Amino acid sequence: MAPEKPFSQACENNKQPILERIRHIFTSPGTILEIGTGTGQHAVHFASSLSHVVWQPSDRPGATGFSLGWIEDAALPNVLPPLELDVASESWPINCIDGAFSANTAHIMTWEEVKAMFTGLAKHLDKGMPFCLYGPFSYGGIHTSDSNRQFDQHLRSQAPHMGIREMDDLLELAERAGFRLENDHQMPANNRLLVLLKL
Ligand SMILES: C[S@@+](CC[C@H](N)C(=O)[O-])C[C@H]1O[C@@H](n2cnc3c(N)ncnc32)[C@H](O)[C@@H]1O
């Protein structure tokens, strides 16, 4: 029996606008690591258009099964089976990567895990390689919309470690880890796509 296919309406809404940005970033052949793949809708949508890259989905141990339905149904030659990767783990089970992508993870992870995500990627990406981080962020302590403010309150009421991240904090952390912000794209629904390059 085919695995169940969890569905995210947000992924359906945002996948094409994200693709229109990342097609200009992941331009060279190579392997792109996706952190926190979730349902797999992003993975198959991006890989089906970016046939020059190999897409490597990943998620926390126990969560990789969520993406199997979408990945197996799409049967794309350039999507690898999802890896079990917790960013907080000491060593990551990956070899060579040429870029990285993650959507809607920074506000779910603990701050320590966000740090670990950047530190781990800094170890695996060479100079000039991109990390694209998508999601909602606040600027100067101010949310970019009422809906983001409400979403932030909702996250924090669910678990105190979650919450929309402040851009100044994130950039300080990214720079310490060895990245510089190349671009901060405004995206639909009050989200952003940050393009960070390994120094
Ligand atoms: C809100 S979901 C986003 C899923 C998908 N990227 C999307 O945009 O719909 C957050 C994802 O982050 C993953 N995640 C949370 N903590 C993680 C960690 N420490 N290491 C790797 N992934 C993590 C979760 O398992 C989940 O797949």
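An open sheet of six strands, with mixed pairing, is present in this predicted model. The strand order is β2-β1-β5-β6-β10-β9. Helices (H or I, at least four residues) and strands (E, at least two) are DSSP runs, numbered from the N terminus. Two strands count as paired if DSSP finds at least two bridges between them. β2 and β9 (179-187) stand at the edges, each with a single partner strand, so one side of each lacks a neighbour in the sheet. On average, neighbouring strands of the sheet are turned by 20° against each other, direction ignored. Axes are lines fitted to C-alpha atoms, for helices over the stretch in contact; angles run from 0 to 180 degrees between N-to-C directions.

Two helices pack on the sheet. Helix α1 (residues 9-22) touches β2, β5 (99-103), β6, β9 and β10. Its direction makes about 135° with that of β9. Helix α4 (residues 111-124) touches β1, β5, β6, β9 and β10. The direction of α4 makes about 155° with that of β6. Contact means heavy atoms within 4.5 Å.

Strands β6 (residues 130-135) and β10 (residues 191-198) run antiparallel and are joined by six bridges. Y134 has L193 as its bridge partner in β10. Strands β1 (residues 30-35) and β2 (residues 53-56) pair in the parallel sense over four bridges. Here L33 is partnered by Q56 of β2. Together with helix α2 (residues 41-49), β1 and β2 make a right-handed β-α-β unit. Right-handed means that, with the strands pointing away from the viewer, the path from the first strand over the helix to the second runs clockwise.

Residues are numbered from 1 along each chain as its sequence is written. Local features need pLDDT of at least 70, side-chain atom pairs count only at pLDDT 80 or more, and totals for chains, interfaces and linings use all residues, while side-chain values use heavy atoms, with hydrogens and water left out.
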